[in-house]
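Here are some exercises to help you find your way around a new structure. Try each task on the model before you read the solution.

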Amino acid sequence: QLQLVESGGGLVQAGGSLRLSCAASGSIFSINAMGWYRQAPGKQRELVATITSGGSTNYADSVKGRFTISRDNAKNTVYLQISSLKPEDTAVYYCNAEIVVRLNRNLEVWGQGTLVTVSS
């Protein structure tokens with residue numbers, strides 16, 4: 001069974017940093033793009049950052065220069081280093097991955113989410 005398990009969320013003061021991790025497990029042939037999304041209370045889920053299997057990255061304008069996405073392909077893990085946190089970064093952060101389970105069979109998988117709370 002494919003799953004993504006996030007960790008690293010918590011309560012942090014404004015200006016602080018956190019590192020989120022997301023590990024994929026199950027019957028995995030390879031993983032294409034991986035990414036992080038977030039959903040703040042009362043708002044829609046939004047893209048934070050994505051990274052391809054080759055390491056190309058894309059960021060939401062609101063996090064550029066403060067967040068860094070990276071991945072370890074050998075560990076099927078994606079990371080999100082978040083710094084200079086602001087109260088408006090408070091949200092549940094979700095991991096997402098396009099997992100190749102076999103030739104011509106890709107599945108989009110979501111993690112359960114990890115809560116990041118930034119106090120002012």
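**Exercise 1. Work out whether Trp110 is buried, exposed or partly exposed.**

Before starting, keep in mind that this is a predicted model.

Step 1. Take the relative accessibility of Trp110, which is 34%. Step 2. Hold that against the cut-offs: buried is under 20%, exposed is over 50%, and partly exposed is in between. Step 3. Because its value is 34%, Trp110 counts as partly exposed.

Now place the residue. Trp110 belongs to strand β10, which covers residues 105-110. Setting aside neighbours up to four places away in sequence, Trp110 is in contact with Leu4, Tyr37, Arg45, Tyr94, Cys95 and Asn96. Try one C-alpha to C-alpha distance too: Glu6 is 104 residues from Trp110 in sequence, yet 9.8 Å away in space.

**Exercise 2. Find the disulfide and describe how it links the chain.**

Step 1. Count: the structure holds 1 disulfide. Step 2. Name the partners: Cys22 is joined to Cys95, with an S to S distance of 2.1 Å. Step 3. Locate them: Cys22 sits in strand β3 and Cys95 in strand β9, 73 residues apart, so to speak a link between distant parts of the chain. Step 4. Check the handedness: the angle about the S-S bond is -85°, and the link is left-handed.

Step 5. Check accessibility. Cys22 counts as buried because its relative accessibility is 0%. Cys95 is buried too, with a relative accessible area of 0%.

**Exercise 3. Which residues have the most contacts inside the largest nonpolar core, and which strand supplies the largest share?**

Step 1. The largest nonpolar core has 32 residues, and those with the most contacts inside it are Trp36, Leu80, Tyr93 and Ile99. Step 2. Look at who contributes: β3 (18-25), β4 (30-39), β5 (46-51), β7 (67-72), β8 (77-82), β9 (91-102) and β11 (114-119) each supply at least two residues. Step 3. The largest share comes from β9, with 6 residues.

Step 4. Zoom in on Ile99. Not counting residues up to four places away in sequence, Ile99 touches Leu2, Leu4, Ala24, Ile28, Ser30, Ile31, Arg105, Asn106, Leu107 and Val109.

**Exercise 4. Trace the order of the strands in the open sheet of 4 strands.**

Step 1. The order is β1-β3-β8-β7, and the pairing is antiparallel. Step 2. Pick out the edges: β1 (3-7) and β7 each pair on one side only. Step 3. Look at the angle: neighbouring strands of this sheet are turned by 15° against each other on average, with direction ignored.

Step 4. Follow one pair. β1 and β3 run antiparallel and share 5 bridges. Within this pair, Val5 has Ala23 of β3 as its bridge partner.

**Exercise 5. Which side chains of β11 are buried and which are not?**

Step 1. Recall the general pattern: side chains in a regular strand alternate between the two faces of the sheet. Step 2. Apply it here: Thr114, Val116 and Val118 point to one face and are buried. Leu115, Thr117 and Ser119 point to the other face and are not buried.

Step 3. Find the partners of β11. Strand β2 (residues 10-13) pairs with β11 in the parallel sense over 4 bridges, and Gly10 has Val116 as its bridge partner. On the other hand, β9 and β11 run antiparallel, joined by 3 bridges, and Tyr93 stands opposite Thr114.

Step 4. Add a loop residue. Thr90, in the loop between β8 and β9, touches Ala40, Pro41, Val116, Thr117 and Val118, leaving out residues up to four places away in sequence. A polar atom of the Thr90 side chain also lies 2.9 Å from the backbone oxygen of Pro87.

**Exercise 6. Where do Asn76 and Asn104 lie, and what is the phi of each?**

Step 1. Asn76 is in the loop between β7 and β8, and Asn104 is in the loop between β9 and β10. Step 2. Asn76 is not a glycine, yet its phi is positive, about 50°. Asn104 also has a positive phi, near 65°, and is a residue other than glycine. Step 3. Finish with accessibility: Asn76 is partly exposed at a relative accessible area of 23%, whereas Asn104 counts as exposed at 75%.

Note on methods. Residues numbered from 1 in each chain as written. Predicted model: local features only at pLDDT ≥ 70, side-chain atom pairs only at ≥ 80, totals over all residues. Heavy atoms only, no water. Core = buried A, V, L, I, M, F, W, Y, C linked by side-chain atoms within 4.5 Å. Buried < 20%, exposed > 50% of the residue type's maximum accessible area, 1.4 Å probe, protein only. Contact = heavy atoms within 4.5 Å. Disulfide = S-S within 2.5 Å. Pairing = 2+ DSSP bridges. Axes fitted to C-alpha atoms, helices over the stretch in contact; angles between N-to-C directions. Polar contact = N/O pair within 3.5 Å; in protein donor to acceptor, adjacent residues only side chain to side chain.
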